[in-house]
Amino acid sequence: MAWDFSTEPEFQEQLDWVEQFCRTEIEPLDLVFPGAPYSRDPKARALADPLKQQVRDRGLWALFLDKDLGGPGFGQLKLALLNEILGRYRSAPVIFGTAAPDTGNMEMLAAHGTEEQKRRWLPPLMNQEIFSAYSMTEPQGGSDPNLFRTHAMRDGEEWVITGEKWFTSAGARADIIFVMCTNGMFVVPGDAPGVEVMEYPALHNHIRYNDVRVPADHLLGPENGAKVLAQRRLGGGRIHHAMRTVAQVKLAFDIMCERALSRESHGKTIAEHQMVQEAIAESYAEINMLRLLVLWTAWTIDNSSTREARTQIAACKYTAAKVLREVSYRALHIMGSLGTTNLTPLQAMWASAPTMAIMDGVDEVHMVTVARNVLKGYEPHPGLWPTEYIPAKREEARKKYASLLAADPDLAAWADHAARATARGH
Ligand SMILES: Cc1cc2nc3c(=O)[nH]c(=O)nc-3n(C[C@H](O)[C@H](O)[C@H](O)COP(=O)(O)OP(=O)(O)OC[C@H]3O[C@@H](n4cnc5c(N)ncnc54)[C@H](O)[C@@H]3O)c2cc1C
């Protein structure tokens, strides 16, 4: 059976454990000590580290990495199923070693690093002894590499990096920053002299690289190879975000359905009002369309490569943003006034929808990618008529029956009548 939507029982058992663990351990931690799993404070670490250890003991740590790099080697499909649960809880990804931006950076390092670079940075990143950031976007050029200016100059056994980056997530607290220069991808220690983190924005940092010196072996991948590395980096990141979005929209859906059954208006529950039913029905279909697109894409990556799946990944990116926007809005609306407050997850979820449409490249760029790649499989029709122009196709088809039509006047009359009837339709 080639098409199979079931989850193997052993992994389902793991997923059941994850669901229970998130509900009983991670959610309470998030509610009482938000941010603890990301903190370097020893008291916060004492709360979060035992949970991370439990994840390790279950063999679920850093699920996206292959076995030889220290992960369980489960691949993207299983990561997608796991993220459908983790994405519901704020700090679950970090407790499972699958949090952005480190996951994408680790994947890039694993794919393009030398043995020495992997040995030096992968294990501490995996163990969250260090944290990383990814510095690509520039203030004047957004994420269009053709407009980037940040550049590295070779000086003896060092590279000297000069430039300015915008919106480097968690850049201020990163131990190492992957900096995309016009002539290569470089690993820059966060505390290197010349790394200047601006005051704003607070979380996604504006960073100036003022003649920052790094050793020659901090070039990741080939010289001038940054674009290829960036594709690898962002492809992984995008699909992981889409996986977690499935979790978010399922949460919105659960909230919506519970509310629909709980609230009465004009003599019946709002679940019995047809427009509320429409919102539920549309959301149900959209969530499952997104989910299947994401799972199919994850499966494609596992069975080929991120590169092979790039059209699907791009489609996941803007579809995730769209479904998040639609479903979270409907859920918020059905929740009424309470939905507009920050007393449920809905307001923040809806406010995050525009962010989803911008981060990892704006939706428009991904739509262009999809359209361009899809169109490569098509050609213009050769003559005046489109391939599916029915009269021309019928003329062709009549040639197949030419001898029969010539021999049998009844069949010929039937065929002529059918052709005239179609034409009369317009
Ligand atoms: C939450 C978040 C986290 C991020 N984290 C990082 C990070 O860690 N590292 C990093 O380097 N960057 C990061 N970014 C930056 C992100 O990559 C950029 O915001 C994004 O690529 C768009 O660039 P911009 O913000 O300059 O928007 P602009 O490029 O100015 O785009 C603005 C608008 O112009 C239009 N537009 C732009 N380009 C096109 C086009 N080609 N076709 C049609 N219309 C277009 C669209 O309507 C778009 O929304 C992050 C962004 C967000 C929101």
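**Exercise 1. Work out which elements supply at least two residues each to the shell around the ligand**.

Solution. Start with the list: β1, β3 (158-169), α11 (353-358) and α12 (363-375) each do so. Helices (H or I, at least four residues) and strands (E, at least two) are DSSP runs, numbered from the N terminus. Next, pick the top contributor: β3 gives the most, with 3 residues.

A quick note on what you're looking at: this is a predicted model, where local features need pLDDT of at least 70, side-chain atom pairs count only at pLDDT 80 or more, and totals for chains, interfaces and linings use all residues. Residues are numbered from 1 along each chain as its sequence is written, and side-chain values use heavy atoms, with hydrogens and water left out.

**Exercise 2. Find the polar contacts of the ligand with Thr137, Ser143 and Phe167**.

Solution. For the ligand, look for pairs of N or O atoms within 3.5 Å. Take Thr137 to begin with: an N or O atom in its side chain sits 2.6 Å from a ligand nitrogen. Then go to Ser143, where a polar side-chain atom is 2.7 Å from a ligand oxygen. Finish with Phe167, which has a polar backbone atom 3.3 Å from a ligand nitrogen.

**Exercise 3. Give the strand order of the open sheet and name its edge strands**.

Solution. Write down the order, β1-β4-β5-β8, with mixed pairing; two strands pair if DSSP finds at least two bridges between them. Now check the ends: β1 (132-135) and β8 (219-220) each pair on one side only. Last, zoom in on β5 (residues 184-189), which runs antiparallel to β8 and is joined to β8 by 2 bridges. Met185 has Leu220 in β8 as its bridge partner.

Conventions: Polar contact = N/O pair within 3.5 Å; in protein donor to acceptor, adjacent residues only side chain to side chain.
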